[in-house]
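Please consider the model below with care. The paragraphs that follow lead through it step by step.

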Amino acid sequence: MANTDTISTEQRLGAGNYKPLDVVLARGSGVWLWDVHGNQYLDCLAAYSAVNQGHCHPKIRETLVEQSAKLTLPSRAFRDDRLAAFYQDLCKLTNSHKVLVMNSGTEAVETAIKCARKWGYLVKGVPEDKAEIIVCDNNFHGRSIAIVGFSSSANSRADFGPFAPGFRSVPFGDAAALEAAINPNTVAFLAEPIQGEGGVVIPPDGFLRRARELCDARNVLLVLDEVQTGLGRTGRILAEEHEGVEADITTVGKSLGGGFYPISAVLASEEVLSLLKPGQHGSTFGGNPLATAVARTALRVLREEGMVENAAEQGEYFLRELRGLRSNAVREVRGRGLMMAVELHSREGGATPWCESLRRHGVLAKETHGDVIRFSPPLVITRDEVDWALERIRRAFSEVD
Ligand SMILES: *Cc1c(COP(=O)(O)O)cnc(C)c1O
């Protein structure tokens, strides 16, 4: 099918819940993508950080192919020979006690919410159906009814109600507001260490540490959603490490599947995860051997190939150079590791014309939150590739200005 046919067929038959750039991709390798005409692009989105290991990583692919010929879905009604090793590797890497495996990031967050509520009733002693969870304005935790119910994005919520009660929202990064919102029925504080979809918003230094102290003092669980920030993106395995904080519940997903297979997980203490009894939670595909085999290799290459350290090193350089962009359109440049953003001054049409220009110059990036362009390439990016990207970004910006 020709390019335009593909696009019109998609538009005719598909739901309209995405507005992609009109580039039809056919191949990927490392940080590079190619469209159906053979044009090459440097991927600065990395599938919203689900491809930290780079496109079609050969070792992860080998595991996928091998495991797909052995056993893929025996179901959790039986045991399989892959799950235990995955638990071991993930716990070791993230310094966690226990794991609950799901598929999508949304499900991991839903699961974390269920666990926090159960802990609230069974351990903290909150009266039946009174549990409250504090979340942050401008959050993104997924698209389920419960989760969009506490979103502050009107577009994500509109016409989807009624929503689940039991959530209240405070400004992100505001420890005093958090403190004031905690009451005896508060079971958890749920936040992203850096807000991803909200536009790569970094809280003030010390915020997570202060949140940890408040949660300790008031017997509240600290739940950090690291679905996007986790697994090396910010230059550490988990972003919470930047502040030396350990959450009670951490969610990971996206890159856990190395860009090949959806898998997510809830990491928590014995105290929290031992509260779930057989039949109280689950998922048909959650923790299947294809997923866990792929995830183990995805974690292994992250470590073995120094991707986390590389994210710190290249991110520092990339960010410094982005800060040097000479453009009147730029309002702020921010980031940590390879999770970076250029925020533009607000104007009609937002950042879309810049993303279009970037595409014409061979860099694929997408606006988030209207005026923000996120730059989050795969963590395998080399210095030469960063320079290549920067050169194109400078040209694209000078063209739109
Ligand atoms: C992407 C994301 C999710 C949702 O993950 P899905 O796999 O799309 O369900 C949840 N939380 C955060 C922080 C995310 O970035």
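A residue is described as near a molecule when one of its heavy atoms lies within 4 Å of that molecule. In this predicted model, the ligand is surrounded by Ser104, Gly105, Thr106, Phe140, His141, Gly142, Glu192, Asp225, Val227, Gln228 and Lys254.

Among these surroundings, several polar approaches to the ligand may be examined individually. Gly105 contributes its backbone: one of its N or O atoms lies 2.9 Å from an oxygen atom of the ligand. Gln228 instead offers a polar side-chain atom, found 2.8 Å from a ligand oxygen atom. For Lys254, a polar side-chain atom and an oxygen atom of the ligand are 2.7 Å apart. On its own, the ligand has 380 Å² of accessible area, and the protein covers 82% of this area.

The discussion now turns to the sheet. Seven strands make up an open sheet with mixed pairing, and their order is 4-10-9-8-7-5-6. Strand 4 (98-102) and strand 6 (167-170) occupy the edges; each has a single partner strand, so one side of each remains without a neighbour in the sheet. From one strand to the next, the twist averages 20 degrees.

Within this sheet, strand 7 (residues 186-191) pairs with strand 8 (residues 221-225) in the parallel sense, over four bridges. One may follow the pairing at Leu190, whose bridge partner in strand 8 is Val223. Helix 9 (residues 207-218) packs on the sheet and touches both strand 7 and strand 8. The direction of helix 9 makes about 145 degrees with that of strand 8.

Strand 7 also contains Thr186. Is Thr186 buried or exposed? Its relative accessible area is 0%, and because buried means under 20%, Thr186 is counted as buried. The side chain of Thr186 reaches the backbone nitrogen of Asn183 at 2.8 Å. Leaving aside residues up to four places away in sequence, Thr186 touches Lys124, Glu132, Ile134, Ala181, Asn219 and Val220.

A further residue may be considered in a loop. Ser327 lies between helix 12 (307-323) and strand 11 (330-336), in the loop that separates these elements. Ser327 has a relative accessibility of 12% and therefore counts as buried. Its side chain reaches the backbone nitrogen of Ala329 at 3.1 Å. When residues up to four places away in sequence are not counted, Ser327 touches Phe397 and Asp401.

Notes:
Residues are numbered from 1 along each chain as its sequence is written. This is a predicted model: local features need pLDDT of at least 70, side-chain atom pairs count only at pLDDT 80 or more; totals for chains, interfaces and linings use all residues. Side-chain values use heavy atoms; hydrogens and water are left out. Helices (H or I, at least four residues) and strands (E, at least two) are DSSP runs, numbered from the N terminus. Buried means under 20% relative accessible area, exposed over 50%, partly exposed in between (1.4 Å probe, protein chains only). A polar contact is a pair of N or O atoms within 3.5 Å; within protein, one must be able to donate a hydrogen and the other to accept it, and residues adjacent in sequence count only if both atoms are side-chain atoms. Contact means heavy atoms within 4.5 Å. Two strands pair if DSSP finds at least two bridges between them. Axes are lines fitted to C-alpha atoms, for helices over the stretch in contact, and angles run from 0 to 180 degrees between N-to-C directions. Accessible areas come from the Shrake-Rupley method with a 1.4 Å probe; for residues, only the protein chains shown count as cover.
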